[in-house]
Amino acid sequence: MAAITEAAIRELASIKGERAPITSCYLDVDGRRVARHRDLEHEVDVLLKGARSRADGDASVTADLRRIETYVRDDLNRSRVRGVAIFACAADDMWRVIELPVPVRTRVVINHTPAVGQLESVLREHEPIGVLLADRQRARMFVFELGELVDRSELFEEALRDIDGRGDRDRGDHAQAFEARDQQHVRTAAHVAFTVWGQHPFAHLAIAAPDALAGQLEAALHPYLRERLAGRLSVPVTASHEQVLAAAQQIEAEVERARQAEIVDRLRAAVSAGRRGVAGLADLVEALGEHRVDTLLVSSGYSAPGWRCTRCDRLAAMGRRCRTCKQEMVEVEDLVEDAVEEALAQQCQVEICIGNADLDVMGRAGALLRY
Ligand SMILES: [Zn+2]
């Protein structure tokens, strides 16, 4: 699976379609959502048909859409892939497929630059997590990235064998020697966590160890790692790959909730100060219509009817005359969904908040504004 990095996204974002527009296509191919490949193909056909009508006969874009269809039919293997991002421009001989172990929101954007907003969200929401498992004899280090665990334990087992050997010689010595050995073990474990971090930086670190040992480990960590501590896991050092994965995903969800809570706090402060923040769907779509939104926040599961202008696409909570062009608007079933789409099209940051009561109180939707 191709790794995505911030540098890779920045590089993508700097590309401009020279001879034709760039087709950006995100696909939710999660097998938990759509089990049968034929059903997925049908879904993609409908999506591409809509995109084709927007392509306005552009030969390059039409070729891009055909290639996407072929890719889904013949080349997409969904055993480990849940989301796909494709950036194509046949006229410039550009074709990039980024397969992701996490789902994305299905959509096609045709523009002079690649629409990288969703890729940025994926990176933001799935920062790498390190997991250090230890008892008094062993330590294993994992790095968890984009919903997947990368086993890093081999390196550490090597380092520990020496200590185990010395431990054997120490057997029968007084308690002090055992304590010294424990301390050495803790230092080695902390050092290996730091070495792994150097090779494969992670934003958060979780420790799985008996309480007394966990405290010693936390104290022994390099300050860079100590400030990344995200909590303790209760899995044994011998835990299976799947157990560690499940525990790390819990940590990831907690980290994500905390990150969103911090953004909701910023929104609340902005709204109460009356500066650079709006609360509620009606004000949110007004701000979107004025291209002032920096970060859009909505509570997961929130949906509400509203209005859309058929001429300029402006959204509104109240119909039926468009404030921009005075055209008569049409009702839309889910204004929240349309607002999220519009925000993504404007390259805004989008936060779908799960279980954030503070955002619910503010009307389940809001936005941090650029000005
Ligand atoms: Zn209008």
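The buried residues of helix α10 are covered by several elements, including β10 (277–279), β11 (293–299), β13, α11 and β16 (365–369). In this predicted model, α10 comprises residues 281–289, and Leu-281, Leu-284, Val-285, Glu-286, Ala-287 and Leu-288 are the buried residues within the helix. An α-helix has 3.6 residues a turn, so residues three or four places apart point the same way. Just after α10, the backbone at His-291 takes a positive phi of about 55 degrees.

Helix α10 also takes part in the largest nonpolar core, which holds 24 residues, and the members that touch the most others are Leu-281, Leu-284, Leu-288, Val-293, Leu-296 and Val-298. Two or more residues of this core are given by each of α10, β11, α11 and β16, with α11 giving the most, namely six residues. The surroundings of Leu-296 illustrate how these parts come together: when residues up to four places away in sequence are not counted, Leu-296 touches Leu-284, Leu-288, Ala-339, Val-340, Ala-343, Gln-349, Val-350, Glu-351, Gly-366 and Ala-367. A second core, separate from this one, has 21 residues, among them Ala-134, Ala-139, Val-196 and Ala-214.

The protein as a whole contains twelve helices and 16 strands, and its C-alpha trace spans about 90 × 50 × 35 Å along the principal axes. Of its 371 residues, 47% count as buried. Among the contacts with a separation of 6 or more, 70% are accounted for by residues 24 or more positions apart.

One of the sheets is open and antiparallel, and its four strands are arranged in the order β3-β2-β1-β4. The edges are occupied by β3 (94–100) and β4 (107–111), each of which has a single partner strand, so that one side of each is left without a neighbour in the sheet. From one strand to the next, the twist in this sheet averages 10 degrees. Within the sheet, β1 (residues 22–28) and β2 (residues 83–89) are paired in the antiparallel sense over six bridges, and Thr-23 stands opposite Ala-88 in β2. Helix α2 lies across β1 and β4, and runs at about 25 degrees to β4.

The loop that follows α2 contains a residue with a notable backbone angle. Asp-56 is placed between α2 (37–55) and α3 (59–75), and its phi is near 60 degrees, a positive value in a residue other than glycine. The relative accessibility of Asp-56 is 71%, and because the cut-off for exposed residues is over 50%, Asp-56 counts as exposed.

Elsewhere, two helices are packed against each other. Helix α1 (residues 6–13) and helix α4 (residues 117–125) meet at an angle of about 170 degrees, with their axes 10 Å apart, and these two helices are therefore roughly antiparallel to each other, since angles over 145 degrees count as such. The contact is formed by Glu-6, Ile-9 and Leu-12 from α1, together with Leu-119, Glu-120 and Leu-123 from α4. Classified by residue type, the contact of α1 with α4 has four nonpolar and two charged residues, and no polar residues.

A further open sheet has three strands in the order β13-β12-β14, again with antiparallel pairing. Its edge strands are β13 and β14, each of which pairs on one side only. Strand β12 (residues 306–309) is joined to β14 in the antiparallel sense over four bridges, and the bridge partner of Trp-307 in β14 is Glu-331. In the loop between β13 (315–316) and β14 (329–332) lies Arg-320, and the peptide bond that leads from Gly-319 to Arg-320 is cis, with omega near -5 degrees.

Beyond β14, another loop connects α11 (335–345) and β15 (349–353), and Gln-347 lies within this loop. The phi of Gln-347 is near 60 degrees, which is a positive value in a residue other than glycine. With a relative accessible area of 39%, Gln-347 is partly exposed, whereas Asp-56 counts as exposed.

Conventions. Residues numbered from 1 in each chain as written. Predicted model: local features only at pLDDT ≥ 70, side-chain atom pairs only at ≥ 80, totals over all residues. Heavy atoms only, no water. Buried < 20%, exposed > 50% of the residue type's maximum accessible area, 1.4 Å probe, protein only. Pairing = 2+ DSSP bridges. Axes fitted to C-alpha atoms, helices over the stretch in contact; angles between N-to-C directions. Contact = heavy atoms within 4.5 Å. Parallel < 35°, antiparallel > 145°, perpendicular 65-115°, else oblique. Nonpolar A, V, L, I, M, F, W, Y, C, P; charged D, E, K, R; others polar. Core = buried A, V, L, I, M, F, W, Y, C linked by side-chain atoms within 4.5 Å.
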